[in-house]
Every structure is written in structure tokens, then in C-alpha cells.
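Here's a quick walk through a few packing and charge details. Have the structure open while you read.

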Amino acid sequence: MNKIIFNKETEEKIINLYKIQNIGLEAIGKQIGVTRKVIKRIILSKNIPLKSTSFICSKYKFNENFLDIENNQFTKKQAYFLGWIASDGSVHKNNEVVLGLQSNDIDIIEKIKKMLDSNNPIKITKGKIHFKVMGKIVKNTKDMAKISFANQKFANSLRSLGYNEKKSYNLKFPHFLNKNVILHFFRSFIEGDGSITYSCNNLSIKFVSTKEFCMEFKKFIEKQLNINVYLRNHTDIRNTTHFEATINGNTNALKFLNLVYKDAFIYLNRKYDKFISAIEKINKLNAHKLTREQLNISYKIIEENKITS
């Protein structure tokens, strides 16, 4: 493959964008029309040290005090955000906090961005045709939407709650959240890592997580909400053994979803629509003679998605 050669003017532009304007390698590559790797080669050839992601992101602003607590109590906004970090978020060693999910769910990233008073950009990356995990080919054709927050205080706040780079293997149940806000955590966690499925006149909710998280979830839901939760072993593509938690059956699943959505001030549109669709199908078939009134469902859960508390 021929090596790309730039004229002096283009090289100076690249250096200015990176060194003076603090633009990232990938963003510069898009401007110039080349890959991130090519831009990196130019920067290193000029003996310019590479900047950390945290430094590049530092020009963007957000509420770094968002996770501060008052009177030793978390708010429902904080609980909802933490549910997303527990499911689709990550906290890196360079103090970068990343939330990434499929691009057709970008609506929730935009809502979270607003909730954190952020001007951080939402980046879209093209899905790969395939990639390998443990020697196995896994297809992934979906584009991804991602937002990053780079701040030491913010990252340390999450670490103090147990969220780190190995979250997928050591996630713990959020006992630090009280009963008044934990349902908001459950809502976002299910929206991120869970599935809501209605098939053969049966509604079920499932998610896969660590053994400890699933067992504590089962204990809490059955004791506090009187809803049955079933657990079984689950082995993923990396041969990592987790647990799968299931709330099965129209009565149990609708009760749980009604509880997590009835006071919702923010939610993922796609999962909420599945909830509403299931109610309508169950009512139509008169499976359990459930009505919207009996479930005390509000179909106007802040339709404009305005955060009021």
C-alpha cells in the first residue's frame, strides 16, 4: 500500500488542529479525508506527544458534580443515570466515562446529555461486518452512538460506587440506593441490558448480569414487590458464566413494568413503546382482563421528555 504524502500546508494544518485547537485524531482525519492512523503517523513524525482522550475531551463541559449527594440520599435522576452506567457504560483508567449503545437509541443519549447539562458531542460509529471474540466470528452490523465524559472527579464518583473497567465481571447490586429511587435504576438497567418480549400471549423481561447482581435483584424484587424472578446460568460468547434473570408471565411482567414506568420522567422510547404495545395486545386478547385503569398507567409520561425533578 502506498504511503500517503502531504504537502507542507496540509501538515501544518494537521498540527494546528491537534496541537493548538485540541481536535482529536479521528476528527482531524475526517476533515482531511484520511484515517486516524494516518493522522497519528504525521503527529508522531513531528515529535509531538500524543494527548490523552481526557485532554482532548476537556474542552467540552458537563455537570461534573452531577453525582454529588445531599443528606446521604441519591436522587431519581442519579439513579436513572447509574442504571445506564451499570448496563451500557464504562469507566476507563484515563478518567473517561463512556456511554454507548446502538444508534437507533440515540434519543436516550440526547436526554442524558441534557440531564447532565453537557455540550459533549454524540459520535456515531459504523458497525463492523464481523469481528472475532475468542476465535468465534460475531456479526454486528449496527451503527453505534457514543458520548464520553472525561473528568477525574466524575470518574472517581463512579468508581466509589463500584463501577470500573471490569464492571461486566464484578457488577454489584446498588444497595446504596433507597427504595424511593431504585425503580428508576431498574428502568434504565432493563432499557440498557434487558429485553422486553411479548410472544404467544406471554410477556417476559430478561437480562444477563453477574451472579451477585442477579441474586440480590431476585431477593429485592420478590421481597419488596412480591414479583417472582427466575434465575439460570448463562454462558456468553467469551465463555464467561453469568446469570440470566427473568420476570415471566403477563401479571408479573406488567406489574414490574408499571412500577418502573409509572413515575418515569425520562425513558428509552423503544423499550417504553414495547411496554405499551404489550398492554394493548394483552387487552385486545383479554388474556387477564387487565385494563389501563387497573394498571394505573399514565400514557402521558412527560411526552416532551422534559425533566421536572
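## A long-range salt bridge

Arg270 is partly exposed, at 27% relative accessible area. In this predicted model, its side chain meets that of Asp105 in a salt bridge, with N to O at 2.7 Å. The two ends come from distant parts of the chain, 165 residues apart. Arg270 belongs to helix H12 (residues 269-285), while Asp105 sits in the loop between strand E2 (96-102) and helix H6 (106-115).

Is Asp105 buried or exposed? Its relative accessibility is just 2%, and the cut-off for buried is under 20%, so Asp105 counts as buried.

## Two pairs along H10

A search of the whole structure turns up 7 salt bridges, and helix H10 (residues 211-224) holds the pair Lys219 and Glu216. Their closest N and O atoms are 3.3 Å apart. In sequence they're 3 residues apart, or about one turn of the helix. Glu216 has 19% relative accessibility, so Glu216 still counts as buried.

Lys218 and Glu222 make another salt bridge, with the closest N and O atoms 2.8 Å apart. Because they are 4 residues apart in H10, about one helical turn separates them. Lys218 is partly exposed at 26% relative accessibility, and Glu222 is partly exposed too, with a relative accessible area of 28%.

## The buried face of H3

Now over to helix H3 (residues 36-45), where Val38, Ile39, Ile42 and Ile43 are buried. Look down the axis of H3 and these buried residues fall within an arc of 140°, so they line one face of the helix.

What covers them? The cover includes helix H1 (8-20) and helix H2 (25-32). Just past the end of H3, check the backbone at Asn47, which takes a positive phi of about 60°.

## How H2 meets H3

H2 packs against H3 at an angle of about 105°, and their axes are 8 Å apart. The range for roughly perpendicular is 65 to 115 degrees, so H2 and H3 fall into that class.

Which residues make the contact? From H2 come Leu25, Glu26, Ile28, Gly29 and Ile32, and they meet Arg36, Ile39, Lys40 and Ile43 of H3. Sorted by class, this contact has 5 nonpolar, 1 polar and 3 charged residues. Ile39 and Ile43 also appear among the buried residues of H3.

Methods
Residues numbered from 1 in each chain as written. Predicted model: local features only at pLDDT ≥ 70, side-chain atom pairs only at ≥ 80, totals over all residues. Heavy atoms only, no water. Buried < 20%, exposed > 50% of the residue type's maximum accessible area, 1.4 Å probe, protein only. Arc of directions from axis to C-beta. Contact = heavy atoms within 4.5 Å. Axes fitted to C-alpha atoms, helices over the stretch in contact; angles between N-to-C directions. Parallel < 35°, antiparallel > 145°, perpendicular 65-115°, else oblique. Nonpolar A, V, L, I, M, F, W, Y, C, P; charged D, E, K, R; others polar. Salt bridge = Lys/Arg side-chain N within 4 Å of Asp/Glu carboxyl O.
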